[in-house]
Amino acid sequence: MNLSIKHFVYPIYSCAMLSALLLLAGCQPQLPEAARSGLVYCSEGSPESFNPQLVTSGTTIDIISQQLYDRLVDINPDNGDIIAGLATSWQVSADGTRYQFTLRDNVSFHSTHYFSPGRKFNASDVVFTFNRITDPLHPFHLQGGGVYPYFQSVDWASLVKQVEAIDDHTVVFKLQRPDSSFLSNLTTDFAAILSAEYGQKLLAAKQPAQIDRLPVGTGPFRFREYQKDILVRLYRNKNYWRGDTQPEQLVFDIVPNNARRMAKLFTHECDIVSYPRVAELELIAARPDVTVQESTSMNVGFWAFNTQKPPFDQLAVRQALAMAINRAAILQAVYYGQATPAYGILPPTSWAYNDGLPAPVYSPAKARALLAEAGYPNGFTMDIWAMPVQRLYNPNALKMAELMQADLAQIGVKANIVSYEWNSFRQKLGNFEHDSVLIGWAADNPDPDNFFRPLLSCAARDSGSNRANWCDPAFDEIISEALLTANQQQRRALYLTAQQYLHQQQPLVAIAHSQRFQAISSSVSGVTINPYGGIALQHAKRVEP
Amino acid sequence: MTRYLLRRLFLMGFVFLALSLLAFSLGYLFPGDVVQNVSGLRPIDDNQRQQLISYYQLDQNILQQYLAFLGRITQGDWGLSFSSQQPLLHEIKLLLPATLELAAYALLLSFIIGIPLGILAAFKPDNIIGKSISALAMVGYSLPIFWWGLLLIMFFSLALGWLPSAGRIGVLYEIPHSSGFMLYDILQADINYRNEALHNALQHLFLPTIVLATFPTTVMIRFVRDAMLNVWEQNYIKTARAKGLNRGQVLYRHGLRNALLPVIRQIGLQFSTLITLAMLTEVIFSWPGIGRWLIDSIYQRNYPAIQAGLLVISTMVITINMLTEILHAFFNPLARRG
C-alpha cells in the first residue's frame, strides 16, 4: 500500500511544483528587445481595409491612417492650423481654383516583405492616389467597390477637375470652383498618399486587390501582418522622414469586449485603450499604473429621422419627437455627465458655432399637441435603430434608445428598438431601411464644413452617409456658398444661417458632444489625443521604471 | 477483429452520410438567399449569380445538387466566409490547431491528475483522503465553467497579476506560422527569443488548460474510482492476492489493466463534451480557436461558416469516438462481439 501511494503521489507533487514554478516565474517577466520597445494598443474592432480612402469607421482609421501613411498637409493638433506634410509648401491662385504643392524630397515608401520601392516618393504618387478616387479609367478605381465614402460625401469628384504632375516635385490640383475646405479635406486621415510604383507592380502581377490588403505608405510604421479578429502587427519604418518614431513594434490587439479590454489594460497586456467606458473612469483613475487622458473632441451624437418616410417627412412630427426627449436624463445615464448638451450639430469649440441657438425644450405636453396637429393624436409606432457598438459620440446607443422609448411612450409613440451587427447595420442604414437611428459623427478636420456636407448634403444622401435621408436644396445652397469664399467672416455668417436652418427643419436631433477619453499605462509616454481624427502613436515611448 | 473493424467502418459511413445530408440541407434551411449561403459570396450581381448557379448546379435536381456538394467538400472548396470573404477551409486550417492544442493539453492534464487521484480514492474509499477526493471531484463536476474561468482570471490575472488573461501568446512575440500548434511552432522557429516566447506561451496556456481540464479530470476521478472499486471486488483479484502477490503487483498486473479499459472508452465519450467546453473556454480566454470563431459566426449569422464549423467539429468528434471504440475493442476482446 505504501508503495502504491508513493507512486501516485509523486506525479501530483511534480505537477504542483511545475505549476508553482510557472507562477513564480510569472512575477518577473523577462522581455526580449523586440518586445520591450514594442507597444500594444487594444483596439475595439478589426480594420475593414488597409486603405483609408475606402473607409469612414473610426476604428479602422485609428489603426491604419496615422501609422502607415502620410498626407500632403497635416493639422497642428494644438491650434488646428494646417502644416506641411509630404508637401513642404503650397500656393493658391487668386481665384482659389488652382492649388500648387511643392513636394518633399527624399521620402521613401515602406520596404516590406512584399514590396521594395525602386524610387523615392514623387508627384506621380500623388496623381495616382487622387486619380484613383475620381478617374473611372484608373486601373484601381473600381477595386474594392469603387466607393470612396468620405470623398463622395464632400463631392470630391465634381470639385477636382484635374491633378497634374508639373515635374517630380510639383503637383497641381485644378478645381471646378473655389472650395475653402479643400486643404482641410487633404489633411483628413482619408487623404493618405499611396505608392504608384506598388500599384504598377501589383497590376503586373495581376493582384490588384492586394493594394488595400497589404498596404505600402510612407508613414512611421510599416505593415507586417494581419490576423483577422486577432491582431495587426506593424514594425517601425527606419527610414521615416520625420525620423522620430519610437516603438520598434506596434501591435493592435483586437479586443471587441469592453470589460476584457479594461482587464487587459490592468494586467499590462495592453498599453493603450481607447474609449474606456465612461462608467469605469473613476475605477481606472484610482489605479496608480494607469493614466486617464481627457480632451474635448469635435463630435456630435444625434438621432436622425428618415425624413423621406412618413410620418417623419412632416416637420411637426420631427419637432414633437425632439421635444419628447429628456436630454438631461440621457446625458446623465448614457454619458455620465461627461458630455456637453448639443444645441446643434456643430460643437461649441468650432469657430463657426452659433451660440444664438435656443436651448432644446423638453415638454411632453407640447409634443403631444404638435403630434395632434400633425394628425397623430394617438401617436404611432416607429423603430429606433441603435448602433451595436460603442462610439465616442454615443457610448451606449441601446441604453439611450431604451430611455427614449420610455420618453416617447409618454406622448403615445410606441418605439421598437432595432439593432444589427455593425457591418450589416451600416449597410441597411445606407439603404435607408430605418425609421430613425441613433448614431453620430466625429470630425476629421477642424473645418465646420466637415459637419455639414458629410452629414446632411444631397451628395451625402446619394453616398449613403446622410442618415437623415434629407436633401434640401436651400440648405445645400447655403453650405455650398460657404465653400466658395475663403473669407472666414463670410463663411461664419453662412454657417450660422445653416445651423439656424437645421434648427428649424430638425432633420435630426443633436443630443450631445462627448469628451474623448483614453486610458494609458503609466509606463508609456508621448501619446496625446488628437482632436481631429485618428490616434498617432509614433511618439509613444515606454519609460523604464 | 477484421469483421469488427469492417462493421464499425460501415456504421461510420452511415453517420457521415447523415452528417453530410444535414450540412447540405443547412444551405437551404438558413434564411436568406441560397446562392449566397452556399457560395458565401456577397454581394452577388446578376451576372455572377448565373455563373454561380451553374457552378453549384443549383438549377439541377436535388440529388445532383447533393452530389455536387459532396464533390466540392472532398475537393476542399468549402465556400467563403460572409464576414471575411476568405475561403472557409483556409480559415479553419488556421484555427483548428489552436483548439486541438488546448484540448489535447487539457485531456493530458486530466489523465495525469485524474487517474492517480481516482485510484487513490478507490483505495481508501472511507477515509478522509478518499472522501475529500470524491468531494472535490463532485465540486469540480458541478462548477459552471464560465464562472470558474472568470474566477481564475480575476484571481490570477487581475488581483495577483501573475498570468495573462487572454490569447495564446503575448502579441509582441511574433511567431512564424508553420503548423499552427504554438509550442511546436516556437520550438522550431528561427528566433532569438525562443525561451522567452516559450515561457510566455506556457503562461498563456496555463489558465485555459486548467479550466478546460477541470471537467474531464473530475469525470476521470469518479470513473477510475468506480471502475477500480468494481475490479477490486472481482474474484481474480482475490485469486491473485491468494497466490501471494503483494498489493502493488496486483494493482499493476490485474487491477489497472482491467479498470482502465472502460476509461479508454470514456475518452471517446468525453471528447464531444470536451470540444463543447473548449468553445466556452476559448470565449472566456479569447483563445483564437475554432470554437470562438464558430460562436462569432453564429452571432454574425455567417451561415457558410456555421455549416463548415459544424462539419469539421462533428467529423472530428465522430472520428475520435470511433478511434477510441476501436482501441477499446483492440484491448478488450469481449467488446468485439457487441
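A nonpolar core, as the term is used here, is a set of buried Ala, Val, Leu, Ile, Met, Phe, Trp, Tyr and Cys residues joined through C-beta atoms within 7 Å. Keep that in mind as we walk through this structure, which is a predicted model.

Let's start with the core itself. The largest one holds 226 residues, and the members that touch the most others are Phe302(A), Ala320(A), Leu438(A), Ala510(A), Leu207(B) and Val224(B). So which helix gives the most to this core? That would be helix H9 of chain B, residues 194-232, with 18 residues. If you'd like to look at one of those well-connected members, try Ala320(A): leaving aside residues up to four places away in sequence, Ala320(A) touches Ala367(A), Leu370(A), Leu371(A), Ala374(A) and Ile411(A).

While we're on chain B, here is the wider view of that chain. Its secondary structure amounts to 13 helices and 0 strands, so reading along the sequence you meet α-α-α-α-α-α-α-α-α-α-α-α-α. The C-alpha trace of chain B spans about 85 × 55 × 40 Å along its principal axes. Chain B has 338 residues, and 39% of them count as buried. As for how its contacts are spread over the sequence, take those in chain B with a separation of 6 or more: 69% of them join residues 24 or more positions apart.

Now over to chain A, and a helix pair worth zooming in on. Helix H18 (residues 473-484) of chain A packs against helix H19 (residues 488-505) of chain A at an angle of about 160°, and their axes are 9 Å apart. Because angles over 145 degrees count as roughly antiparallel, that is how H18(A) runs relative to H19(A). The crossing of H18(A) past H19(A) is left-handed. Who meets whom at this packing? From H18(A) come Phe475(A), Ile478(A), Ile479(A), Glu481(A) and Ala482(A), and they meet Arg491(A), Leu494(A), Tyr495(A), Thr497(A), Ala498(A) and Tyr501(A) of H19(A).

Finally, a word on confidence. Chain A has a mean pLDDT of 86, with 93% of its residues at 70 or more. Within chain A, strand E5 (residues 98-103) has the highest confidence, at a mean of 94, while helix H1 (residues 2-25) has the lowest, at 45. Residues 1-18 of chain A stay under 50 in pLDDT, and the model gives them 15 contacts beyond four places in sequence. The pLDDT is also below 50 over residues 20-29 of chain A, a stretch with 9 contacts in the model beyond near neighbours in sequence.

Methods
Residues numbered from 1 in each chain as written. Chains lettered and ligands numbered in written order. Predicted model: local features only at pLDDT ≥ 70, side-chain atom pairs only at ≥ 80, totals over all residues. pLDDT = per-residue confidence, 0-100. Helix = DSSP H or I, 4+ residues; strand = E, 2+ residues; numbered from the N terminus. Contact = placed C-beta atoms within 7 Å. Buried ≥ 20, exposed ≤ 12 C-beta atoms within 10 Å, placed from the backbone. Axes fitted to C-alpha atoms, helices over the stretch in contact; angles between N-to-C directions. Parallel < 35°, antiparallel > 145°, perpendicular 65-115°, else oblique. Left-handed = near helix turned anticlockwise from the far one by under 90°.
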